[in-house]
There are 2 protein chains.
Amino acid sequence: MNYDAHESGAGHCFSKDMGCESMLLQIDFNSDEAIYMQLHNQVIYGIATNAFREGDALPSVRSLAEVLGVNMHTVNKAYTVLKQEGYVKIDRRRGVVIAVDLDHLKDRQEIKQELLLVLAKASCKGISRSEIHELIDEIYEDYGGQ
Amino acid sequence: MNYDAHESGAGHCFSKDMGCESMLLQIDFNSDEAIYMQLHNQVIYGIATNAFREGDALPSVRSLAEVLGVNMHTVNKAYTVLKQEGYVKIDRRRGVVIAVDLDHLKDRQEIKQELLLVLAKASCKGISRSEIHELIDEIYEDYGGQ
DNA sequence: TGCTCTGTTATATACTTTGTATAACAAAAA
DNA sequence: TTTTTGTTATACAAAGTATATAACAGAGCA
């Protein structure tokens, strides 16, 4: 049973559990961002937008690699980094599943550090504190509020 | 005249124009972040915190490389990227000087894109919209308000 | 029991990035 | 004139990225 070869339900991608997820995981081969990092970020976008939910299984490294036309190890690296950062875990029965590991104090500190650089760039470019708050709100409203 | 060898004013680093700036530009050789990117980011932090002001000259690639104990080309790469991103320009008489190129629409879009990823990570980790706003305010207050 | 699929690990290869080393050039400054 | 400047060129080593092929044990399924 191949991940990309489900002839049943021809015409729509909602016939299988994994069909929808694969639609989110796509690659821009012209991007200067590493493929595994593109995949990594898209899984995070997926979790944040609730397209991936706690306990959902991601495609297997082999099947996703085949669908995307990349090497198995490239997908595996994306999953490995996600695991190290506490976004997924390995379920021996179900494969790689979404399982976000929370460590509020540590997470908050890391997010603050990442925000610091973005805010410094914004400040250099004349983007004010209030405009940053506006941008934050814009993003949340682009992706469905709270 | 070496950048690091000014015996005059022994004991303080404010005796030369470039003395203060060099104090900001330091490297963590244990970091997994590329050296040129560390330098790149620190110049941006410096501009944002007003430690570097419009028209200020940065140390020459050779002198800074010598101070930091890295190769000339590593510093040159940091400066080249900063130039491409519109943070500095080359003044044939003064060297590399802070000169922020503003393109509000483009800058705003780029900042929004960078914020999107950070906010997605935060969302995954259970950090709420209001907590993000708090973090933004914390950062601005850590570095002197508006 | 066999067979398949899973994540994982190991090797090998090729390309790019990163960092270093040395050298040379023209423009500007001292 | 001599030094310093950014810039460019070349060469090299190490690390990161991506691919290719192969094998392993654990789990699910027929």
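**Close-up 1. Residue character of the surface near DNA strand C in the predicted model.** The residues that form this surface divide into 10 nonpolar, 7 polar and 3 charged. Of the 20 residues around DNA strand C, those that come nearest are Ser60(A) and Gly95(A) from one chain, together with Asn71(B), His73(B) and Arg93(B) from the other. At least two residues of the surface are supplied by each of helix H3 (61-68), helix H4 (72-84) and strand E2 (95-98) of chain A, and likewise by each of helix H2 (35-48) and helix H4 (72-84) of chain B.

**Close-up 2. The contact between chain B and chain A.** Chain B brings 35 residues to this contact, and chain A brings 36 residues. On the side of chain B that touches chain A, the elements giving two or more residues are H2, helix H5 (104-124) and helix H6 (129-142) of chain B, and among these H5(B) gives the most, with 16 residues. The residues of this side of chain B divide into 22 nonpolar, 6 polar and 7 charged.

**Close-up 3. The rotation axis that relates the two chains.** Chain B is superposed on chain A by a rotation of 180° with 0.0 Å of shift along its axis, at an RMSD of 0.0 Å, and the two copies are therefore related as by a two-fold rotation axis. The same surface serves both copies, in that 100% of the contact residues of chain B recur in chain A. His133(B) is the residue of chain B that comes closest to the rotation axis, its C-alpha lying at 3.3 Å.

**Close-up 4. The two domains assigned in chain A.** The domain assignment places residues 17-98 of chain A in domain 1 and residues 104-142 in domain 2, and the C-alpha centres of these two domains of chain A lie 26 Å apart.

Key
Residues are numbered from 1 along each chain as its sequence is written. Chains are lettered from A and ligands numbered from 1 in the order in which they are written. This is a predicted model: local features need pLDDT of at least 70, side-chain atom pairs count only at pLDDT 80 or more; totals for chains, interfaces and linings use all residues. Domain bounds come from an automatic or database domain assignment. A residue is near a molecule or strand if its C-beta atom, placed from the backbone, lies within 6 Å of it. Helices (H or I, at least four residues) and strands (E, at least two) are DSSP runs, numbered from the N terminus. Ala, Val, Leu, Ile, Met, Phe, Trp, Tyr, Cys and Pro count as nonpolar, Asp, Glu, Lys and Arg as charged, and the others, Gly among them, as polar. Copies are superposed by least squares on the C-alpha atoms of residues with pLDDT of at least 70 in both. Two residues are in contact if their C-beta atoms, placed from the backbone, lie within 7 Å.
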